[in-house]
Amino acid sequence: MADQIVGTERPRVATPHRLVVPREEPAGESPAVRGETVFDLRDVNVFYGAFKAVRDVSFEVAEHEITALIGPSGCGKSTLLRSLNRMNDLIPGARVEGTVAYHGENIYDAEIDPVEVRRRIGMVFQKPNPFPKSIFDNVAFGPRLNGVRGSTLDDVVEQALRNAALWDEVKAKLKQSGLSLSGGQQQRLCIARAIAVEPEVVLMDEPCSALDPIATARIEDLMQQIKDKYTIVIVTHNMQQAARISDRTAFFSTEVNPESDTRTGLLVEFDETSQIFSNPNDERTENYVTGRFG
Ligand SMILES: Nc1ncnc2c1ncn2[C@@H]1O[C@H](COP(=O)(O)OP(=O)(O)OP(=O)(O)O)[C@@H](O)[C@H]1O
């Protein structure tokens, strides 16, 4: 396999990968022609202790697409997102069953290095969380861990800040604290920090929910700009946002377990975003996207 995530060998470029035969889909309608499959989820269940938070999730994420996870509160969007880079490993009692294949390798196999998984598959959180360090050091953090130094490090930091559409605003104050930036700038700093280690995938957990509409629009523009380089999976509560920016949408809902009176999340429908919002197959999806839910 061209690109394994076992052990500590770290190819700087995470592509190319194996060739995958494209699905047969109608021609001419973007994004029907899919790129290579990055994630292939099969029958994924996620538990917290005995509680099954999400059940039987299967779908594929294609490269250079933005895949949105939407659905009502508690349906397991964040839980599922964290299962894509083993972030749930850090939560006591959390457990994943099923297969989360990343370029054909199950990231939960025993020999897989979770640190390497998280380097390939970066994450941006709901609340901007810069380190209490300078702007430069925030972005340099990951590359330094990977041994990057000197002028190369300067270049890596500049490029990441440029790619995060923040360079022009901060180039004169790289030594200032990251915490001195506005909320929207802090979130772009966190995106710069995530992409500075050259991940292939960026997972975003409601990255705009703490931002005003102008900062939100900048992050949305940024996502459109960087999807040529990265594959993005985003959890959003904002259906307009999902409709605006994503190529595919996964709609989740919940069902009640009568014995335990708990709610388990499940994937109701996964399709092109235009289909989900204009002509969904499932009534539950239609009720949700038209605001008739609950
Ligand atoms: N660390 C945890 N420990 C135990 N249960 C958890 C934990 N995190 C989430 N859960 C439970 O798992 C279920 C799914 O939660 P999750 O946060 O993934 O849903 P969500 O769809 O992202 O919700 P929201 O839209 O409100 O953020 C919920 O019932 C939640 O209470």
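**Entry 1: strands β3 and β9.** I began with the pairing of strand β3, residues 66-70, in this predicted model. Its partner is strand β9, residues 248-257, and the two run in the parallel sense over four bridges. I then looked up a single contact of this pair: Thr67 has Arg248 in β9 as its bridge partner.

**Entry 2: strands β9 and β10.** How many bridges join β9 to strand β10? I found 10 bridges, and here the strands run antiparallel. Strand β10 covers residues 262-272. Within this pairing, Thr254 stands opposite Gly265 in β10. I noted that β9 and β10 form a hairpin, with four residues between them. In the turn, Asp261 has a positive phi of about 55°.

**Entry 3: the ligand shell.** Which residues surround the ligand? I listed Tyr48, Ala53, Ser73, Gly74, Cys75, Gly76, Lys77, Ser78, Thr79, Ile91, His237 and Gly265. Gly265 thus links two of my entries: this residue of β10 stands opposite Thr254, and Gly265 also belongs to the surroundings of the ligand. I next asked which element gives the largest share of the shell. Helix α1, residues 77-83, does so with three residues. By character, the shell divides into four nonpolar residues, seven polar and one charged.

**Entry 4: the annotated domain.** I consulted the UniProt record, an unreviewed entry, which lists residues 39-279 as "domain: ABC transporter". Over this range, I recorded 34% helix and 30% strand for the chain. The C-alpha atoms at the ends of the range are 25 Å apart.

Methods:
Residues are numbered from 1 along each chain as its sequence is written. This is a predicted model: local features need pLDDT of at least 70, side-chain atom pairs count only at pLDDT 80 or more; totals for chains, interfaces and linings use all residues. A residue is near a molecule or strand if its C-beta atom, placed from the backbone, lies within 6 Å of it. Ala, Val, Leu, Ile, Met, Phe, Trp, Tyr, Cys and Pro count as nonpolar, Asp, Glu, Lys and Arg as charged, and the others, Gly among them, as polar. UniProt positions are given in the numbering used here, feature names are shortened, and annotations may be inferred rather than shown by experiment. Two strands pair if DSSP finds at least two bridges between them.
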